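Thanks for coming. I will go through one structure today, from the overall layout down to single residues. Please have a look at it before I start.

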Amino acid sequence: MELASQRFKRADLVTVTGRIDAATAPRLEATLRGFIAEDRFKFVVDLTGSDYISSAGVKVLLAIQKEVKRWNRGELRISGLQPRVKETLEMVGLLPLFRTYDTPLEAVGSF
């Protein structure tokens, strides 16, 4: 898995390329928690380049969403959901917890 991040005025964009599984999910979590440590609470996770997410990856997204929504400080939004990833989130009933967008530009602009 490869991660790239960009800071924008409204939100931080984290682009994920490759599989999000038990071996790679901690890197994603560390990246997002690094932003939280800097008092940045609005994120877009772009999954256009990721066609697989394991339960470990889902757990990271859910934990970060819960943390940034605490006291209405922010939100984690997802862009570029691939069919398998979308199916996984639907199957476990977590898709309604995230706002999803087709492109990162739409997602960042929604803040």
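Reading along the sequence, you meet the elements in the order β-β-α-β-α-β-α-β-α. In total the protein has 4 helices and 5 strands. Helices here are DSSP runs of H or I with at least four residues, strands are runs of E with at least two, and both are numbered from the N terminus.

Before going on, a word on where this comes from. This is a predicted model, in which local features need pLDDT of at least 70 and side-chain atom pairs count only at pLDDT 80 or more, while totals for chains, interfaces and linings use all residues. Residues are numbered from 1 along each chain as its sequence is written, and side-chain values use heavy atoms, with hydrogens and water left out.

Now the overall dimensions. The C-alpha trace spans about 30 × 25 × 25 Å along its principal axes. What radius of gyration does the protein have, and what would a compact globule with 111 residues have? The protein has 12 Å, which agrees with the value near 13 Å for a compact globule of 111 residues. That radius is taken over C-alpha atoms, and the globule rule is 2.2 Å times the number of residues to the power 0.38.

Of the 111 residues, 41% count as buried. Buried means under 20% relative accessible area, exposed means over 50%, and partly exposed is in between, with a 1.4 Å probe and protein chains only. The protein exposes about 6100 Å², and carbon and sulfur atoms supply 51% of that area. Accessible areas come from the Shrake-Rupley method with a 1.4 Å probe; for residues, only the protein chains shown count as cover.

Contacts come next; a contact means heavy atoms within 4.5 Å. Taking the contacts with a separation of 6 or more, 68% are between residues 24 or more positions apart.

Let me turn to one pair of helices. Helix α1 covers residues 25-37 and helix α2 covers residues 55-69; they pack at an angle of about 10°, and their axes are 9 Å apart. The axes are lines fitted to C-alpha atoms, for helices over the stretch in contact, and angles run from 0 to 180 degrees between N-to-C directions. How are α1 and α2 oriented to each other? They are roughly parallel, a label for angles under 35 degrees; over 145 is roughly antiparallel, 65 to 115 is roughly perpendicular, and the rest is oblique.

On the α1 side, the residues that meet α2 are Ala25, Leu28, Glu29, Leu32, Arg33 and Ile36. On the α2 side, they include Val60, Leu61, Ile64 and Val68. By class, this contact has 10 nonpolar, 1 polar and 3 charged residues. Nonpolar covers Ala, Val, Leu, Ile, Met, Phe, Trp, Tyr, Cys and Pro; charged covers Asp, Glu, Lys and Arg; the others, Gly among them, are polar.

Leu28 in α1 is worth picking out. Leu28 is buried, with a relative accessible area of 1%. Leaving aside neighbours within four places in sequence, Leu28 is in contact with Met1, Leu3, Val14, Val16, Ile20, Val60 and Leu61. Leu28 and Leu61 are 33 residues apart along the chain, and their C-alpha atoms are separated by 8.9 Å.

Helix α3, residues 83-91, holds Val85. Is Val85 buried or exposed? Val85 is buried, at 1% relative accessible area. Outside the four places on either side in sequence, Val85 is in contact with Leu47, Ser50, Asp51, Tyr52 and Ile53. Glu87 is also found in α3, but Glu87 counts as exposed, at 52% relative accessibility.

In helix α4, residues 104-109, we find Val108. Val108 counts as buried at 12% relative accessibility. Not counting residues up to four places away in sequence, Val108 touches Phe8, Arg10, Leu13 and Val44.

Last, two loop residues. Asp39 lies in the loop between α1 and β3 (42-49), and its phi is near 60°, a positive value in a residue other than glycine. Asp39 is exposed, with a relative accessible area of 60%. Trp71 lies in the loop between α2 and β4 (75-79). Phi of Trp71 is near 60°, again positive in a residue other than glycine, and Trp71 is exposed at 68%.

That is what I have; questions are welcome.
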